[in-house]
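Visitor: I am new to this structure. Could you show it to me and take a few questions?

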Amino acid sequence: MAQGTKLITVDFKQATIGQVATDLQTKTGYHFYYDAAQFDSLRVTLQLTDKPLEAVLNQAFANTNYHFAITSDHDVFLTREHELQPQLATGYYGKGSSAAGVSGAAAIVVVPDYTELAEKKVANATTENKLYEVGIKTNNVKGGNVTLAGYIRDIKTGEPVVGASVTLLNSKNGIATNQFGYFSLSLPRGRNVINIKALGMRDTRRQVTMYSDGNLNIEVQEQVTTLKEVKVSADKVANVRSVELGATRLDIKSIKQVPAVFGEADVLRVVLTLPGVTSVGEATTGFNVRGGAADQNLILLNDATVYNPAHFFGFFSAFNPDIVKNIELYKASIPERFGGRLSSVLDVTNREGNKKLFTGSAGIGLLTSRLNIEGPIVKDKTSFIFGGRTTYSDWLLKLLPDEYKNSSASFYDLNLDISHQINEKNNLYFTGYISHDAFRLNSDTTYGYSNRNAGLKWKHTYNNKLFSLISVGVDDYKYNVASEGNEVNGYKLNFNVSQTYAKADFTYYLSPKHTLSYGISTLLYHLNGGDLEPEGNKSLVVPDMLEPERALESALYLGDKYDVTSNLSFNVGLRYSLYNYLGPHTVYEYADGQPKTENSLVDSTSYGKNKVIKTYGGPEIRVSGRYNITDDFSVKAGYNTLRQYIHLLSNTTAISPTDVYKLSDPNIKPQYGDQVSFGLYKNFKSNTIETSVEVYYKRIKDYLDYKSGAVLVVNHHIETDVLNTRGKAYGIEFLLRKNVGKLNGWTSYTYSRTFLKQDDPNAGELINEGTYYPANYDKPHNFNFTGNYRFTHRYSVSLNVVYSTGRPITLPIAKYDYAGSERVYYSDRNQYRVPDYFRSDFSINIEGNHRVHQKTHNTWTLGVYNLTGRKNAYSTYFTSGGGTITGYQLSIFATAIPFINYNIRF
Amino acid sequence: MIKNRFYIVLVVVIAVCTWQCKKVYTPNVVSSAPNYLVVEGVINTGADSTTIKLSRTTNLADSAKTIKELGASLYVEDNTGRRHNLTEFGNGLYKSAPLNLQSTQQCRLHIITKDQKEYVSDFVDNIKTPAIDSITYTITGTGAQFYANTHDPTGTVKYYRWDFDETWQYVALLQSFYKYDAINNKIVPRAGENIYNCWKTNPSTQVLLGSTAGLSQAVVSALPVSYVDESTGKLAHGYSMLLRQYGLTKEAYEYWQKLKKNTEQLGSIFDAQPSALTGNLHNVNDAKEPVLGYISASTVSVKRFLIGHNAIPLYSQSYFPPPGAGDCTGGTINLLPANTFDARLKAAMSSGNFTLTDDNGSAGVLIGYNYASSECVDCRVKLLGGTNIKPSYWPDVL
């Protein structure tokens, strides 16, 4: 290889192999031969002056698995993974084929795969080149398939790598690792090469000879792009190849790039930038997925249900960005293992603690400070991760205008996750979570709420094909409101809902074509819907307590991922859910065919403890299918049905701290919904750009809306104040997403409508004469842009732009004089809209230097929330004061808000 | 160092901007305003007259405050079928003689409008309103907060509504000892006529509701009725409140509650949405026509409260409302030169914008007469609707 006496100067910036080859050919006159497809993910950034060709290529391919060979005929062969033997090249290819050269449009010369050769070659002692022999060794390798299973872990932290794709070389068959980094792959006996690709990790491969079923654990390295200057894009065909529709996965890296108010990386706010997800406004804990109500989202933190995922009136999400690893939102194809909510599942997964060494990070922001520590308890076996956040936002409230100066707010959240490996086949995971909020908004009334979750999971691997996950835990949510302003009326109101659950999930890799998942779960609700107590000695408030409610929600499910061919796959799932409303409880009965009011109450029946008062249940269908038209283009369709047995009762637009949950009972039916969806998925530019279009149509039955003037707090017969409505929602969602490169991010546009209808004359009240009316969260046009541009490895900027139609409101249409003042007469419900919403946020991220070995790494984030300072209307209202009516538009964050955040990692 | 500077900058930036704000909002929504009948009033079943007010809804953008409904005939029907007519009083008001319906259990209101549409309310229970125990106040900040207190010894009345008329005494800035006789173009002494002390009466503008439904005793304690800030000037001399208390049924209470929620208690982040408001009146022939208002029937308990300024421990610059000395224009009409006196007097006083105050002289010699803008001298001009006739209940010395 003693070539390249001619000295050349190069300057490549993210250059493709074509650009590199053309440039070098011009400068050296050498001919380049390579397979363009093998190099599609290579980008070269290199600046060299007066160096021989060999040195240039050496640097360009440093730390990659690309190789080159230069022949005496001035031909250069570029290969991937297998180094070409130079002597082989001499005269091996006829001169005729070299005519193609780089100038030829078609790919030059196909460099053969050297799998055979590599075996003979004494490999460098790297893991990639090592041949692993799996199973009981036999002399002659039989035919047929065997199963290889194992974990994929981060070599540095020992953390499992979730969603890594494990594929056989030259085959479309492959699977993704599950939430524990576990994979089970069916492959033919004999020699195989397995490619492992995961987002943020360096691609790697393993060579195995399979004799029988066996295990292979694979450790992968984090892709430190900052130092390599050669970025190989990970396998991004997941969106095209997965069978699910309407599922989005985001890792914490992309979440942190989105500018957030006060600089706090915010899981829920990022969810709001996804197509099909809206919220009624800025100060709300809830989000609406495809026309569903805010309580129709199942929000899971490491499998624990979080009832109120927000802090500080909804300005922050209650998930600690330093602990969260990734989130997954299911809008359409909700896996059969999930149930109990109609609209979506938001699955938030925390990181596992570092199993090798102690690390941590801390952040200082305008409003909150964070600290997290993680490390091994027993090295490589047991690790923990602890994260805590707290606020010191009171100082900010003090700066508000006088009318808010008596306000106060505080919150904290704590996470503790422990993972322990008992042995190869058994793992234990513990998750603990507490969040707490207390605030007072310039009144004598204080509010507090708190989530508490604890869960234990035991993962057991029976064999390569079957593993199970048994989980038990308790989820608890409570709030209290206390008022001491008037000593006679001083009160304290407590609300609490808790659920104790146990479930067993099994995954069985039946055959290369079938992966079965099945399981059973049960959940005991205990709900205290309101407990009113006098506060203070002089209070005359009569203690009033709603009778606690109990119910059992159980389910059984079976699902099959069936790969008919490598291009056609189905997920077919069936879930049967069963709901028992349990005693002790007193149930009111109402006269048939009459509106449920206190006047039509005819009877009450008391039931004893654990007596089944009412049973609801039924099958839920979860079906989706995917057909690949080409490798990067697929169509998918799906149909889903879901049932929900717990309801959030609210007559406010936003979820407010005093909304109550209610279990289905003989008078309140469970909600039922179904959805049909269809999608097209196409990737461009070697899968670096993802696009998709999805349409859906959804029906909702027995969604609860409130009667006019409903009293929802401490109401002993809440059924008299609510109405069953029917809903329909439909929409189309466009998404364009780019995950790699200097510019990355996503942009989406959604057109969607959501309507409700209450046309039962026996309900006592027709809303809008029984016609369809837009739901509170019906916002037809939604546009989002979330982008990040990386100037250098230390500086990047992020921009976030949101536009949406204003939400529906009920407006006054006439005025009249009554009770000493002008009053307004309101239109039918939700017939008008607030002005359109527009907001743009901007942030600059500055990272400290990138030396890997230093004690601390620090980053700064500064930016502006609501850059244009637009006064977006949160709500409008009309109020009479001093004898006249004035309309007001209420804005939250009515100005540009600058922020700064400092983070340190150690 | 950089870090500290950033923090200081940010603190300043946040201090000048509010993060929640409201601004006036005028939607351009309604082109054709509905024209619904609005019925307001309480059937007073006690020994006082019943007044019902009829009006129509108007377009939001209309500057006309209300359209009165004239020429209707109304009567109250009790559960024995007896009718008690109301007579039109003008301005959309219809009044009856005292009904004295203490013995009846239920009654309802009939309305036949000029265009021969017939409306009727539901039969409503006759509530015997307990007496008002007391009206109390506390000094809160720069004003006085007034409270109503009542209880029902029988424990039957659980829902209450209040309204009130407030009357306060106020004075002009300057006293007037002379008046202008426009007919003769002469100055005459203002003997025995007071335009310095006035009284003004305003009705309440808020819906005031109370409930003892959640309490172990039927006691309404310190229900906030009205907050009067000293800057209104209402506390500067004397303040009186005539509070009326109405017992309500649960349905009536819920109606008023909704009305209050819809039109007064909106605008915070966690507000309930406005809701449809259906009263208890209907068009006999068209059940779908909305009729606004709720008719209830009860006796009315009345109590007057009166407080002098000496009893209120408040005093500040803003105690007396404008105009102050700096706001008054005026001048002097000198006697000399005598030949132009009449012309000068006429020129100054004929516009009617000025009122004579006192004379101007030195060492017992009269030089001329002073005058000032009427709003500084005549209390009836200072506040429109004010009267210089002392109410009968107002004591001479407060």
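Visitor: Which residue in S34(A) stands opposite A:Leu523?

Guide: A:Glu553 does. Keep in mind that this is a predicted model.

Visitor: What makes strands S32 and S34 of chain A a pair?

Guide: Two strands pair if there are at least two bridges between them. Strand S32 (residues 514-534) and strand S34 (residues 549-563) of chain A have 14 bridges, in the antiparallel sense. So they count as paired.

Visitor: Which residue is the bridge partner of A:Glu553 in S35(A)?

Guide: A:Tyr579. S34(A) and strand S35 (residues 568-582) of chain A pair in the antiparallel sense, over 14 bridges. They form a hairpin, with four residues between them.

Visitor: Why are S11 and S18 of chain B called edge strands?

Guide: Because each pairs on one side only. The open sheet has three strands, in the order S11-S12-S18 (chain B), with antiparallel pairing. From one strand to the next, the twist averages 25°.

Visitor: How do you know that S11(B) pairs with S12 of chain B?

Guide: At least two bridges are needed. S11(B) and strand S12 (residues 143-151) have eight, in the antiparallel sense. Within S12(B), B:Tyr147 stands opposite B:Thr136.

Visitor: What makes A:Tyr477 a buried residue?

Guide: A:Tyr477 belongs to the largest nonpolar core, which has 53 residues. Members of such a core are buried, which means under 20% relative accessible area. Therefore A:Tyr477 is buried. A:Tyr477 is also among the residues that touch the most other members. Its contacts farther along the sequence include A:Phe495, A:Val497 and A:Tyr661.

Visitor: Which residues does the second core include?

Guide: That separate core has 28 residues, among them B:Ile132, B:Trp162, B:Phe164 and B:Ile312.

Conventions: Residues numbered from 1 in each chain as written. Chains lettered and ligands numbered in written order. Predicted model: local features only at pLDDT ≥ 70, side-chain atom pairs only at ≥ 80, totals over all residues. Heavy atoms only, no water. Core = buried A, V, L, I, M, F, W, Y, C linked by side-chain atoms within 4.5 Å. Buried < 20%, exposed > 50% of the residue type's maximum accessible area, 1.4 Å probe, protein only. Contact = heavy atoms within 4.5 Å. Helix = DSSP H or I, 4+ residues; strand = E, 2+ residues; numbered from the N terminus. Axes fitted to C-alpha atoms, helices over the stretch in contact; angles between N-to-C directions. Lists of a residue's contacts leave out its neighbours within four places in sequence.
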